[in-house]
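Subject: Structure handover

Hello,

Here is the structure you will be taking over. My notes on what was found follow below it.

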Amino acid sequence: MSEESVRGRASRGNASGTPSIVDRLRSEPNARIPFSVEFSPPRDAAAEARLWRAVREFEQLAPAFVSMTYGAGGSTRDRTVRVTGQIAEETTLLPVAHLTAVSHSVDELRSMVGSYADRGITNILVLRGDPPGDPLGDWEKHPDGVEYAEELVRLVRDLGDFHVGVASFPEGHHRADDLEQDTRCLVGKLRAGAEYSITQMFFDVDDYLRLRDRVSAYDAEQGAKPIIPEIMPITSLRSVRRMLELSGTTLPSSLDEKFTRAAGSGHEEDRAAVREVGIELATNIGERLISEGAPGLHFITLNFARATREVLCNLGLAPARV
Ligand SMILES: Cc1cc2nc3c(=O)[nH]c(=O)nc-3n(C[C@H](O)[C@H](O)[C@H](O)COP(=O)(O)OP(=O)(O)OC[C@H]3O[C@@H](n4cnc5c(N)ncnc54)[C@H](O)[C@@H]3O)c2cc1C
């Protein structure tokens, strides 16, 4: 895949006037805080139908953008590109395609970017990704691939007028030596051309505020770029525990105890009680982030609309369901 051919496809994508995420965040009407949602690639037809129900429900709530995560595996990948393309072409939503370096040569990465450009998608969230199989295992670069997300940011930017975002980590990335190195890494990605970052989920807003301060102190210019906080409305303790483990995110002990109490001691956790605590927590986090001037709120949805909608409703960002 030549750089030239991707560049042509990117400019055709941009010719349709696709806005950037930063523009979208700035142009939110009614002075309300913008919100956005994250979807995951469907694994089969039933999951795809569920995703579309969520897409159509969120479409009515006018999020600033929607993002689609990128997973391992060829068939899921093909479905991801197709569905993200359909969101761009058949809805009023602005999609951001996640792209990871996992198991890809530079040539394959260029080709993926070209596939997105063909569908008018020029907003890309660039990530390194985690090792397939065991996300906590040793990272091995593809022999003809890239080592760090920063290189992928440069690669995508060199391919044309793409708008690139990157990941940031309020608690520091679990592979980083320390918070200073983590900050250097994020600033490196921003200096390489990323326009904003989206954080890993977190449950202590002070971690987000400290990240913002660290980046601004290290490089005021890059620190002015939006750091969009990610919120996970917890509805199942069992599944969130796995996500916490894989992402290196901490659930503060007071919250852990609250959720554990709500889950109860039965064989099956009390989902309704866990959900109630989860919605209340996500609402409190959202309220504090709004008062601290966050540029937007990005919600992990797991392709369900109900919990996020409830939080948005509590925050006055969506009408109550009638
Ligand atoms: C908002 C968000 C969305 C995500 N979406 C996906 C997804 O769709 N699919 C998926 O598989 N994963 C996803 N992830 C997970 C992400 O891929 C992992 O957290 C991954 O381990 C780190 O990716 P990165 O882009 O931050 O990597 P990098 O920025 O490359 O950092 C990886 C590690 O290398 C270190 N590092 C970076 N540069 C250097 C350097 N020059 N020298 C030494 N060390 C360095 C960093 O400190 C860090 O520890 C997402 C994460 C977030 C926060």
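Leaving aside its neighbours within four places in sequence, which residues is valine 96 in contact with? They are Ile21, Phe65, Ser67, Asn123, Ile124, Leu125 and Gly165. Please keep in mind that this is a predicted model. Valine 96 is part of strand S3, and with 26 other C-beta atoms within 10 Å it counts as buried. Methionine 68 is 28 residues away from valine 96 in sequence, while their C-alpha atoms are 6.4 Å apart in space.

The chain as a whole

The chain contains 13 helices and eight strands. A compact globule of 322 residues would have a radius of gyration near 20 Å, and the value for this chain, 19 Å, agrees with that. Along the principal axes, the C-alpha atoms fill a box of roughly 60 × 45 × 40 Å. Buried residues make up 42% of the 322. If one takes the contacts between residues at least 6 apart in sequence, 81% of them join residues at least 24 apart.

The core

The largest nonpolar core has 81 residues. Helix H12 (residues 271-291) contributes the largest share of this core, with six residues. The residues with the most contacts inside the core are Val113, Ile124, Val126, Leu152, Val153 and Val156. In soluble globular proteins, nonpolar side chains tend to be buried together.

Isoleucine 124, one of those six, also appears among the contacts of valine 96. Beyond its neighbours within four places in sequence, isoleucine 124 is in contact with Val96, Ala97, Leu99, Val113, Tyr116, Val156, Phe162 and Val164.

Helix H6

Helix H6 covers residues 149-158, and seven of its 10 residues are buried, so the helix is largely enclosed by the rest of the structure. The buried residues are Ala149, Glu150, Glu151, Leu152, Val153, Leu155 and Val156. Among the elements that cover them are helix H5 (106-118), strand S4 (123-127), strand S5 (163-168) and helix H7 (179-191). Just after H6 comes glycine 160, with a positive phi of about 150 degrees.

Helix H7

H7 has 13 residues. From first C-alpha to last it reaches 18 Å, close to the 18 Å expected at 1.5 Å a residue. Its buried residues are Asp182, Thr183, Cys185, Leu186, Val187, Lys189 and Leu190. These pack against H6, S5, S6, helix H8 (205-218) and helix H9 (220-223). Glycine 193, just after H7, takes a positive phi of about 130 degrees.

Around the ligand

There are 23 residues around the ligand, and those that come nearest are Thr69, His98, Arg128, Ala149 and Arg175. Ala149 is also one of the buried residues of H6. Which elements each supply at least two residues of the shell? They include strand S3 (95-100), H6, H7 and strand S6 (196-201). H7 gives the most, with four residues. By type, the shell divides into eight nonpolar, eight polar and seven charged residues.

To recap, H6 is largely enclosed by the rest of the structure, and H7 is among the elements that cover its buried residues. Both helices also supply residues to the shell around the ligand.

Regards

Key
Residues numbered from 1 in each chain as written. Predicted model: local features only at pLDDT ≥ 70, side-chain atom pairs only at ≥ 80, totals over all residues. Core = buried A, V, L, I, M, F, W, Y, C linked by C-beta atoms within 7 Å. Buried ≥ 20, exposed ≤ 12 C-beta atoms within 10 Å, placed from the backbone. Contact = placed C-beta atoms within 7 Å. Near = placed C-beta within 6 Å. Nonpolar A, V, L, I, M, F, W, Y, C, P; charged D, E, K, R; others polar. Expected span 1.5 Å × (residues − 1). Rg over C-alpha atoms; globule rule 2.2 N^0.38 Å.
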